[in-house]
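Me: I should like to understand the terms applied to this model. Please set each value against its definition.

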Amino acid sequence: MTLDEKLEEMRKASQNSESKQDLGESSQDSKCPKCGGMGWIPYKKDGLWFTKECECRAKEIAESRLRFANIPELFRELTLKTFRADIYREPESVAKINLACNIVKRYLENFEEMEAAGMGLYLVSHTKGSGKTRMAAGIANELIARGKQVKFAVSSAILKEIKDTWHEGSDYTESRLIDQLCLAEILVVDDFGTEKISDWVNEKFYQILNERYVRKKVTIFTSNKKLCESKYDERIISRLKENCYEVEFPEESVRELLAEQKKAEMLGRLG
């Protein structure tokens, strides 16, 4: 089949799809009435056939990025604009969160430069519920909106997924899973350092993070341990110190306060 014949076939498929939509019919083979589910729309100009990208393709790519990112459902709608910096009560917490927000803002404003250098972020606070994960998810959503490929994963879940590949019938091999983590444009590792650290754990994270370090891939962490306190191998920590800005978050939990506010809002609607 020649190129012209293939384009003519695409044009007819697109027209047939549009006709079915006009008649109120549905086609299992086509999702989009404009391109017949092909993602490209053929058109003729000066006697020559060309194709242009259908708007459904951009939507499909965006949805695919969201599926790949695997951001927890609780945080999928979170943006930096909706991040609540005004709910911290302690003066020291207010100062810390304002500084953290300014650092993240500047980081994202200069993200092209940060990405070229492979510079990531290390969001840290000893206190659970201090806003680290919410901020990391907001950053992830912002970068996805910019068309970046982001992968969000809890550190303990990464280790579990690696072990799951050992089971017979697994959809992934260990090497394929690790490659996916190594090659993602941006990797967000949540709760880094909470897992029990063994030689095997050290080796697996070194394998992933060293590959990302060499390739200058951006990695963003949340942790309840400062880099100087981490029990990970020095090979890992030295790379994170070089390629991450350590950003301190308040030693104050706002999770319960947010829950209380949501409960009050719901009761207000019922009343």
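Me: Which residues are linked in a network of salt bridges?

Reply: Lys96, Lys226 and Glu248 are linked in such a network. The model is predicted, so local features need pLDDT of at least 70 and side-chain atom pairs count only at pLDDT 80 or more, whereas totals for chains, interfaces and linings use all residues. Residues are numbered from 1 along each chain as its sequence is written, and side-chain values use heavy atoms, with hydrogens and water left out.

Me: Why is the contact of Glu248 with Lys96 called a salt bridge?

Reply: A salt bridge requires a side-chain nitrogen of Lys or Arg within 4 Å of a carboxyl oxygen of Asp or Glu. The closest N and O atoms of Glu248 and Lys96 are 3.2 Å apart, so the pair qualifies. The two residues come from distant parts of the chain, Glu248 from strand S7 (residues 244–248) and Lys96 from helix H3, 152 residues apart. Helices (H or I, at least four residues) and strands (E, at least two) are DSSP runs, numbered from the N terminus.

Me: What makes Glu248 and Lys226 a salt bridge?

Reply: Their closest N and O atoms are 3.7 Å apart, and the pair therefore meets the criterion. Lys226 lies in the loop between S6 and helix H9 (234–243), 22 residues from Glu248. The structure holds 11 salt bridges.

Me: Why is Glu248 called partly exposed?

Reply: Buried means under 20% relative accessible area, exposed over 50%, and partly exposed in between (1.4 Å probe, protein chains only). Glu248 has 37%, and is therefore partly exposed. Lys226, at 25%, is likewise called partly exposed.

Me: How do you know whether Lys204 and Glu174, which form a salt bridge, are buried or partly exposed?

Reply: Lys204 has a relative accessible area of 13%, so Lys204 is buried. Glu174 has 22%, and is therefore partly exposed. The closest N and O atoms of this pair are 2.4 Å apart. The bridge joins helix H8 (residues 199–215), which holds Lys204, to helix H7 (residues 174–183), which holds Glu174.

Me: What makes the pair of Trp166 and Trp200 edge-to-face?

Reply: Rings of Phe, Tyr and Trp (its six-membered ring) pair if their centres lie within 6.5 Å; planes under 30 degrees apart count as stacked, over 60 as edge-to-face and the rest as tilted. The structure holds seven aromatic pairs. Trp166 and Trp200 are 5.7 Å apart centre to centre with 75 degrees between the planes, so both criteria are met. Phe192 and Phe205 are also edge-to-face, at 5.4 Å and 90 degrees. Both Phe192 and Phe205 are buried, and they belong to one aromatic cluster with Tyr122, Phe221 and Tyr232.

Me: Why is the charged end of Arg239 said to sit over the ring of Tyr213?

Reply: A charge sits over a ring if NZ of Lys or CZ of Arg is within 6 Å of the ring centre and within 35 degrees of the ring normal. The distance for Arg239 and Tyr213 is 5.3 Å, so the distance condition is satisfied. Arg235 lies over the face of Tyr206, at 3.8 Å from the ring centre.

Me: What makes a set of residues a nonpolar core, and how many residues has the largest one?

Reply: The term denotes buried Ala, Val, Leu, Ile, Met, Phe, Trp, Tyr and Cys residues joined through side-chain atoms within 4.5 Å. The largest such core has 34 residues, and those with the most contacts inside it include Leu121 and Ile139. Helix H5 (132–145) is one of its contributors, supplying the largest share, seven residues.
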